[in-house]
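Hi,

Here is the structure I promised to pass on to you. Have a look at it first, and then read on for my notes.

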Amino acid sequence: MPLDAPRNELDLSAWWMPFTANRQFKTAPRLFASASGMNYRMADGQTVLDGTAGLWCVNAGHARPEIADAVHHQLMELDYAPPFQLGHPLAFELASRLAALAPAGLDRVFFTNSGSESVDTALKIAFAYHRARGEGQRTRLVGRERGYHGVGFGGVSVGGLVNNRRMFPTLPYTDHLAHTHLPQLNGYSVGLPEHGAELADELERIAALHGGETIAAVIVEPVAGSGGVLPPPKGYLERLRAICDKHGILLIFDEVITGYGRVGAPFAAQRLGVTPDIMTTAKGVTNGVVPMGAVFARRQIHDAFMQGPPEAIEFFHGYTYSGHPVACAAALATLDIYAREGLLTRVLELEGTWAEAIHGVRGAPHVTDIRNFGLMGAIDLAPRPGAPGARGYAALLGGLSQGLLLRASGDTLAFSPPLIVSEDQIGQIFETVKAVLARIE
């Protein structure tokens with residue numbers, strides 16, 4: 001059976017696939033059958049090295065028996081517990097474990113089911129916090145161009161990817177900072193770019209235009225992921241933090257991608273030395289095994305809600321599956337693996353090898369820029385005239401045919417392998433990329 005053939009003549013018509021060219025895919029489907037460690041196995045038996053940790057989420061590698069055992073045990077003990085006015089022990093244990101990992105002060109945790117839900121939860125916390133303090137005039141949000149904050153209406157509104165926004169109405173009173181991608185100044189940067197800290201000053205212009213007292217929150221990814229792996233310029237986040245403090249604006253870091261060891265610390269806030277007021281996470285919290293997200297908030301934000309009669313609900317928000325017992329079991333088992341194997345900081349040992357390997361692709365056909373930070377990286381390709389995204393898609397198919405999973409976003413190739421990756425596998429990833437690019441028209 002060829003690489004892209006459906007298995008057992010599957011009926012592919014019913015599933016409306018997300019972020020996929022459905023008609024194109026279903027003419028030549030690409031189907032994974034199993035996974036283990038660093039590898040997927042396709043329906044025809046071909047082994048594919050995972051260069052993207054699934055979708056930025058399988059940080060500890062695939063099919064970890066510890067997580068599977070924890071999930072099975074929990075399913076048989078307590079499969080579901082309602083989270084409204086009731087609880088179960090694992091949710092409280094997990095919240096405490098996560099708070100201990102977080103930057104100092106971010107020790108209150110609200111559980112969600114995805115990164116998109118984490119973002120919308122964080123935005124609602126920001127609005128409600130200001131209202132609880134008597135500053136209900138703070139109704140404006142500020143995102144950033146090329147930012148990705150999920151697919152909820154709040155996340156789409158503060159996000160800065162045009163294809164995610166153009167078909168949908170967005171929230172009013174939303175502005176955007178300029179993105180930080182300056183290839184003319186920071187081309188082929190290794191680690192944090194040298195130029196662009198002054199781009200944070202755009203927030204001062206927005207504050208002057210609307211009044212800083214009208215802005216509830218600024219949300220950015222400390223390292224933009226889906227928009228093309230854009231590390232922040234040196235000093236940029238520090239300036240953004242200072243401007244937010246000056247105007248009483250909450251700073252939200254979207255760490256759905258960067259959280260849980262991706263950049264060499266539990267969270268990018270710690271690696272980069274800038275602490276937000278609210279932090280959104282998901283993906284790696286359960287190693288991608290069970291959907292889950294967690295929003296971290298400063299204690300003073302949480303405590304602002306804890307007013308009025310003690311029997312009153314303080315925050316009218318939540319989900320049927322907030323703190324789901326099975327997700328909590330998967331997350332606790334995942335945190336145990338991270339701790340036992342040192343995965344939350346292992347990237348510090350690998351990033352030199354990673355940087356050398358990805359920048360070794362410089363000079364390959366079609367390459368126009370390369371960026372890296374932690375165990376994240378991106379390679380920009382020159383678009384084909386009149387066919388943007390075609391080369392990126394060709395690279396995706398070429399990688400699969402050569403036994404490598406990479407992520408193509410337009411003509412940008414993104415990489416983020418599981419944190420268990422070896423140095424030899426890092427070399428294999430980018431040697432394969434060079435071979436693929438050499439064959440692309």
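In what order do the strands of the open four-stranded sheet run, and how are they paired? The order is 11-12-15-14, and the pairing is antiparallel. Please keep in mind as you read that this is a predicted model.

Strand 11 (367–373) and strand 14 (407–409) are the edges of that sheet; each has a single partner strand, so one side of each is left without a neighbour in the sheet. From one strand to the next, the twist averages 20°. Inside the sheet, strand 12 (residues 376–381) and strand 15 (residues 412–415) run antiparallel and are joined by four bridges. If you want a spot to click on, try G377, which stands opposite F415 in strand 15. This sheet also carries a helix: helix 16 (residues 423–439) lies across strand 11, strand 12 and strand 15, and it runs at about 165° to strand 15.

Now to the other open sheet. Seven strands make it up, in the order 4-10-9-8-7-5-6, and here the pairing is mixed. Its edge strands are strand 4 (108–112) and strand 6, each of which pairs on one side only. Neighbouring strands are turned by 20° against each other on average, with direction ignored. Two of the pairings are worth a look:

- Strand 8 (residues 250–254) and strand 9 (residues 278–281) run parallel and share three bridges; I252 has I278 in strand 9 as its bridge partner.
- Strand 5 (residues 140–144) and strand 6 (residues 174–177) also run parallel, joined by four bridges; G143 is partnered by H176 in strand 6.

Strand 6 has a neat pattern of side chains. D175 and L177 point to one face and are buried, while T174 and H176 point to the other face and are not.

Two helices belong with this sheet. Helix 5 (residues 115–132) packs on it, touching strand 4, strand 5, strand 7 (215–220), strand 8, strand 9 and strand 10 (293–297), and the direction of helix 5 makes about 160° with that of strand 9. Helix 9 (residues 202–210) lies across strand 5, strand 6 and strand 7, running at about 155° to strand 6.

One residue here that I would like to show you is I215, which has its place in strand 7. Is I215 buried or exposed? It counts as buried, because its relative accessibility is 0% and the cut-off for buried is under 20%. Leaving aside residues up to four places away in sequence, I215 touches H130, R138, R140, V142, I206, A207 and I249. T275, on the other hand, is 60 residues from I215 along the chain, and the C-alpha atoms of the two are separated by 19 Å.

Next, strands 1 to 3. Strand 1 (residues 32–36) and strand 2 (residues 39–42) run antiparallel with four bridges between them, and S34 stands opposite R41 in strand 2. The two strands form a hairpin with two residues between them, and G37 in the turn has a positive phi of about 60°. Strand 2 also runs antiparallel to strand 3 (residues 47–50), this time with three bridges; Y40 has V48 in strand 3 as its bridge partner. In this second hairpin there are four residues between the strands, and G45 takes a positive phi near 95°. The side chains of strand 2 alternate: Y40 and M42 point to one face and are buried, whereas N39 and R41 point to the other and are not.

Finally, a helix pair. The axes of helix 3 (residues 65–77) and helix 13 (residues 325–341) come within 8 Å and cross at roughly 155°. Angles over 145 degrees count as roughly antiparallel, so helix 3 is roughly antiparallel to helix 13. The crossing is right-handed. On the helix 3 side, the contact is made by E66, I67, A70, V71, Q74 and L75; they meet P325, V326, A329, A330, A333, T334, I337 and R340 in helix 13. Sorted by type, the residues of this contact are 10 nonpolar, two polar and two charged.

Enjoy exploring it!

Best wishes

Note on methods. Residues are numbered from 1 along each chain as its sequence is written. This is a predicted model: local features need pLDDT of at least 70, side-chain atom pairs count only at pLDDT 80 or more; totals for chains, interfaces and linings use all residues. Side-chain values use heavy atoms; hydrogens and water are left out. Two strands pair if DSSP finds at least two bridges between them. Axes are lines fitted to C-alpha atoms, for helices over the stretch in contact, and angles run from 0 to 180 degrees between N-to-C directions. Contact means heavy atoms within 4.5 Å. Angles under 35 degrees count as roughly parallel, over 145 as roughly antiparallel, 65 to 115 as roughly perpendicular and the rest as oblique. A crossing is left-handed if the near helix is turned anticlockwise from the far one by less than a right angle, and right-handed if clockwise. Ala, Val, Leu, Ile, Met, Phe, Trp, Tyr, Cys and Pro count as nonpolar, Asp, Glu, Lys and Arg as charged, and the others, Gly among them, as polar. Buried means under 20% relative accessible area, exposed over 50%, partly exposed in between (1.4 Å probe, protein chains only).
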